[in-house]
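Trainee: Could you take one part of this model and examine it closely, then relate it to its surroundings? I should like every term to come with its cut-offs.

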Amino acid sequence: MKAVAVFPGSREVKVTEQEAPRITQPDQVMVRMLDIGICGTDKEICAFEYGTPPPGDDRLVIGHESVAEVVQAGSAVERFRAGDLVVPSVRRPCPHPACGACRAGHQDYCYTGDFRERGIKEAHGYMAEYIVEHERYLNLVAQDLRDIAVLTEPLTIAEKALGQITWMMQQRPPWLDPQTPGQERGRGLSALVLGVGPVGLLGAMLLVSAGFTTYVYSREVPPNPRIDLVAAIGATYVSTQTTTFAGLADQMGRIDLVYEAVGHSHFALEALRVLGTNGIFVLTGVPGLQALTEADPARLMRDMVLKNQVLVGTVNAGPDAFASALRDLALFRRRWPEAVRTLIAGGYPPEQAPELILGRPAGIKTVIAFG
Ligand SMILES: [Zn+2]
Ligand SMILES: [Zn+2]
């Protein structure tokens, strides 16, 4: 079968022919990959900054954002049968009995760091014609989400973050009613999203649908389809080219939540300075290690203490985030069908994957099609 792999030894990225995997355990499912999304992580792996093949292997099949169709289910599989659509999760648990997170099925919170990640760390990814996976790592997808389900994995980042934020918002301020329903979690609160990549835009959609007055701040200037998308979902776009952080803070009033999806440390620290009282700051981007910026740690510390602020980082996602991402994708499509469509530039053959990953992406979320 065909697969797209990196070869760290020879520093190559190419389409390879390899043997298709087979079901070897009764709880395994064989799936045919349909769509595989490309993201910044793939770019870093293909630039050999990151990414580890399975032990003893010379290559790593890339790809971790996908939707697939079940072709065969092992004898002990209960939830899936041929023809079902699925989205597989990415991280696999570490082997250590003492890791409470992994033992509870929440390897996104793994304590040891010895987890594996498909398409990233010590396990082959999804940019291949077929994969075999244990039933417990697959999430069932409604048939009518076939064309957008590839967005599930990137959306889980925002879902996990919002899950944590909700918890913090509902536990911390004693005057809030913990019974507030989901759609109204953000009512009366303002959120600032940094960045207009897929993680930022999906995050903005989630925040708008949770009731936050949402602003998106990035360097793009109009005309730009990403800016149009921000407007289409009812958020407000502000460009760094025309407005400073101070100007943005004036425009927004109190900023209750910052959702960072850029991975640029200096930009994030600037944003932390405008975070309001009782505010929560969520970091999702992973910056390269850069030179020390002129951040003022004393000022940050004063603000965090005197304003009761919370700084939270979040990576990967658990099964609950996959379930809510699939639910919310359906909701986004009902609410903003046009905007959701613009997110995806799909249908590119695997042969074009290396140039699309290393060169200019074709769209907001560039998608390779195997099916
Ligand atoms: Zn990704
Ligand atoms: Zn673990």
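**A cysteine zinc site and its context**

Mentor: Cys99 counts as buried, since its relative accessibility is 2%; buried means under 20% relative accessible area, exposed over 50%, and partly exposed in between (1.4 Å probe, protein chains only). The model is a predicted one, in which local features need pLDDT of at least 70, side-chain atom pairs count only at pLDDT 80 or more, and totals for chains, interfaces and linings use all residues. Residues are numbered from 1 along each chain as its sequence is written, chains are lettered from A and ligands numbered from 1 in the order in which they are written, and side-chain values use heavy atoms, with hydrogens and water left out.

Cys99 is one of the protein donors of the zinc ion (ligand 2), together with Cys94, Cys102 and Cys110, each through SG, at 2.3 to 2.4 Å. Donors are N, O and S atoms within 2.8 Å of the metal (3.2 Å for Na, K and Ca); water is not among the atoms, so sites may look incomplete. The angles among the four donor atoms run from 102 to 117°, and the site is tetrahedral, a label given to four donors if all angles lie between 85 and 135 degrees. For four tetrahedral donors the ideal angle at a metal is 109.5 degrees. Along the sequence the donor residues follow the spacing C-x4-C-x2-C-x7-C. Cys99 and Cys110 link distant parts of the chain, 11 residues apart: Cys99 is in the loop between strand E7 (91-92) and helix H2 (100-103), Cys110 in the loop between H2 and strand E8 (116-118). Helices (H or I, at least four residues) and strands (E, at least two) are DSSP runs, numbered from the N terminus. Cys110 is buried as well, with a relative accessible area of 13%.

The zinc ion (ligand 1) has Cys39 (SG), His64 (NE2) and Glu65 (OE) as its protein donors, at 2.1 to 2.2 Å, spaced C-x24-H-E. His64 is buried at a relative accessible area of 3%, and Glu65 is likewise buried at 3%.

Pro53 is found in the loop between helix H1 (40-46) and strand E4 (60-61), and it is buried at 15% relative accessibility. Apart from residues up to four places away in sequence, Pro53 touches Pro8, Asp58, Arg59, Leu60 and Glu122, where contact means heavy atoms within 4.5 Å. Pro53 and Glu122 are 69 residues apart along the chain, yet their C-alpha atoms are separated by 4.8 Å.

Further along the chain, six strands form an open sheet with parallel pairing, in the order E14-E13-E12-E15-E16-E17. Two strands pair if DSSP finds at least two bridges between them. Strand E14 (236-239) and strand E17 (310-313) stand at the edges with a single partner strand each, so one side of each is left without a neighbour in the sheet. Within the sheet, four bridges join strand E12 (residues 190-194) to strand E15 (residues 257-260), which run parallel; Leu194 stands opposite Glu260 in E15.

Helix H6 (residues 245-252) has Phe245, Leu248, Ala249 and Met252 as its buried residues. The buried residues of H6 pack against E12, strand E13 (213-218), E14 and helix H7 (265-272). On the other side of H6, Ala246 and Asp250 are exposed. H6 is followed by Gly253, whose phi is positive, near 75°.

Methods
Tetrahedral: all angles 85-135°; square planar, octahedral: opposite > 155°, others 65-115°.
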